[in-house]
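Biologist: I am new to this structure and would like a guided walk through it. Could we begin once it is on the screen?

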Amino acid sequence: MLRLLFYFCGVNIHQKYILRSIELGKKGLGTTAPNPMVGCVIVHDGKIIGEGFTSPYGGPHAEVNAINSVKDKSLLAKATLYVTLEPCSHYGKTPPCADLIIKHNIREVVIGIKDPHDKVAGKGIKKLEAADCKVIVGVLEAECQEHLKRFLTFQEKKRPYIILKWAETEDGFIAPDPNLRKSTPEPFWITNPYSKQLVHQWRSQEQAILVGTNTVLEDNPKLNTRDWAGKNPIRVVLDKDLKIGSHFHVMDQSVKTLVLTQIKDSSKYVIGVDYEVIDFSQSVAAQVCDVLYKHSITSVLIEGGSRTLQTFIDEDLWDEARIYEAEKFFEKGIPAPRFTGKLQSEQSILSDTLSIYTHD
């Protein structure tokens, strides 16, 4: 009867437990990178007997945590394991999950999507099948791809998942006229405190945050998650001519910081800050992606300013745009970036409107 009910509702039993695995996987957002945030459910006789999700980077994977949560291990031999991503088959910071599944004699494994990582890429599935395990692949594939979009973009496109974020006024400006700014660098807030807090939550969810030179010189931002409990992102700063002095917040070494510059003279570098040299006369966004890929950064939140954001838009290197519009008017100032994308959602946060777009 239960199986018929789920088919009637458009969701079968396998889909039900993969959906639950996705929900579990979300608990790892912001902590597992560069590993994917995988979720896992173990079912015996129609009941969930174990659940798990990927631990912070370096810790056990979802399958390990799920298996360890099962009180009566004797049930595993008659259980089905559901997981959003193909179990790994290689030794990394932890042993292969496929080996652990085989060790516990789990006879059926249902997988959302294959792992495109070159060290896995179907090898985990083959290892399970070679051990006489029944493997089903491709359950809620689209939903799993959306959930694992950061990891998949990194593996398949060899670059981080790129999120553009900015706030603009009703008359289309991202910042006021520079002549109206105070002489002391400090952030100029367009949005309300609730929108600001949400941005800090976003920062805790992504592996890195990126800004340009002018944003640092004009706003002196900290680029951390002080308004939200969570991990601080790696700070990435474009500073072509090393105009940003050691007294700015981004150079305080409280958070890992990576500066991209054209200056090769390391004597001009701030101790405790990482530097990479790129050619600013060439495609900057593409080079940024190459550097971030080199540093195993799977996602980046680009907070501007307008010139930096437009650079990624013009080079067609972005995946998602989160745009606030506030009930303010500047009449003149720095125009917001120009782009085209597919509107996915729109919501009000008091007087602010948040629109989220994906790349066409």
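**A loop and its proline**

Modeller: Let us begin with Pro34, which lies in the loop between helix H2 (13–25) and strand E1 (39–44). A cis peptide bond, with omega of about 10°, joins Ala33 to Pro34. Please keep in mind that this is a predicted model.

Biologist: What is usual for peptide bonds and for phi?

Modeller: Most peptide bonds are trans, and most residues other than glycine have a negative phi.

Biologist: Which value does phi of Lys158 have, then, and where is this residue?

Modeller: Phi of Lys158 is positive, near 60°. Lys158 sits in the loop between helix H7 (149–157) and strand E6 (161–169). Its relative accessibility is 42%, so Lys158 counts as partly exposed.

Biologist: And Leu242, is it buried or exposed?

Modeller: Leu242 is buried, because its relative accessible area is 18% and the limit for buried is under 20%. Phi of Leu242 is also positive, near 55°, and the residue belongs to the loop between strand E9 (234–238) and strand E10 (257–261).

Biologist: What follows helix H11?

Modeller: H11 is followed by Asp316, with a positive phi near 60°. Within H11 (residues 306–314), the buried residues are Ser306, Thr308, Leu309, Gln310, Phe312 and Ile313.

Biologist: Stepping back, how many helices and strands does the chain have?

Modeller: The protein chain has 11 helices and 16 strands. Of its 360 residues, 51% count as buried. Along the principal axes, the C-alpha atoms fill a box of roughly 70 × 50 × 35 Å. The radius of gyration is 23 Å, which agrees with the value near 21 Å for a compact globule of 360 residues.

Biologist: Now to charges. How many salt bridges are there?

Modeller: The count comes to 15 salt bridges. In one of them, the side chains of Asp319 and Arg159 meet at 2.8 Å, N to O. This pair links distant parts of the chain, 160 residues apart: Asp319 is in the loop between H11 and E13, and Arg159 is in the loop between H7 and E6.

Biologist: Are those two buried or exposed?

Modeller: Asp319 counts as buried at 10% relative accessibility, and Arg159 is buried with a relative accessible area of 7%.

Biologist: What does Glu303 pair with?

Modeller: Glu303 forms a salt bridge with Arg203, with the closest N and O atoms 2.9 Å apart. Glu303 lies in strand E12 and Arg203 in helix H8 (residues 193–205), so this pair ties together parts that are 100 residues apart in sequence. Glu303 also forms a salt bridge with Lys165, where the closest N and O atoms are 3.7 Å apart. Here strand E12 (residues 299–304), with Glu303, is linked to strand E6, with Lys165, and the two residues are 138 apart.

Biologist: How accessible are these three residues?

Modeller: Glu303 counts as buried at 14% relative accessibility. Lys165 is buried with a relative accessible area of 12%, and Arg203 is buried with 6%. Elsewhere, salt bridges that share partners join Glu146, Lys149, Glu320 and Arg322 into one network.

Biologist: Which residues form the negative surface patch?

Modeller: Glu170, Glu325, Glu327 and Glu346 form it. Glu325 belongs to strand E13 (residues 320–326) and counts as partly exposed, at 36% relative accessibility.

How values were computed:
Residues are numbered from 1 along each chain as its sequence is written. This is a predicted model: local features need pLDDT of at least 70, side-chain atom pairs count only at pLDDT 80 or more; totals for chains, interfaces and linings use all residues. Side-chain values use heavy atoms; hydrogens and water are left out. Patches are made of residues with over 30% relative accessible area and no salt bridge: like charges are joined within 9 Å, nonpolar side chains (Val, Leu, Ile, Met, Phe, Trp, Tyr) within 5 Å. Accessible areas come from the Shrake-Rupley method with a 1.4 Å probe; for residues, only the protein chains shown count as cover. A salt bridge is a side-chain nitrogen of Lys or Arg within 4 Å of a carboxyl oxygen of Asp or Glu. Lys and Arg count as positive and Asp and Glu as negative; His and the chain ends are not counted. The place of a charge is taken as NZ of Lys, CZ of Arg, CG of Asp or CD of Glu. Helices (H or I, at least four residues) and strands (E, at least two) are DSSP runs, numbered from the N terminus. Buried means under 20% relative accessible area, exposed over 50%, partly exposed in between (1.4 Å probe, protein chains only). The radius of gyration is taken over C-alpha atoms; the globule rule is 2.2 Å times the number of residues to the power 0.38.
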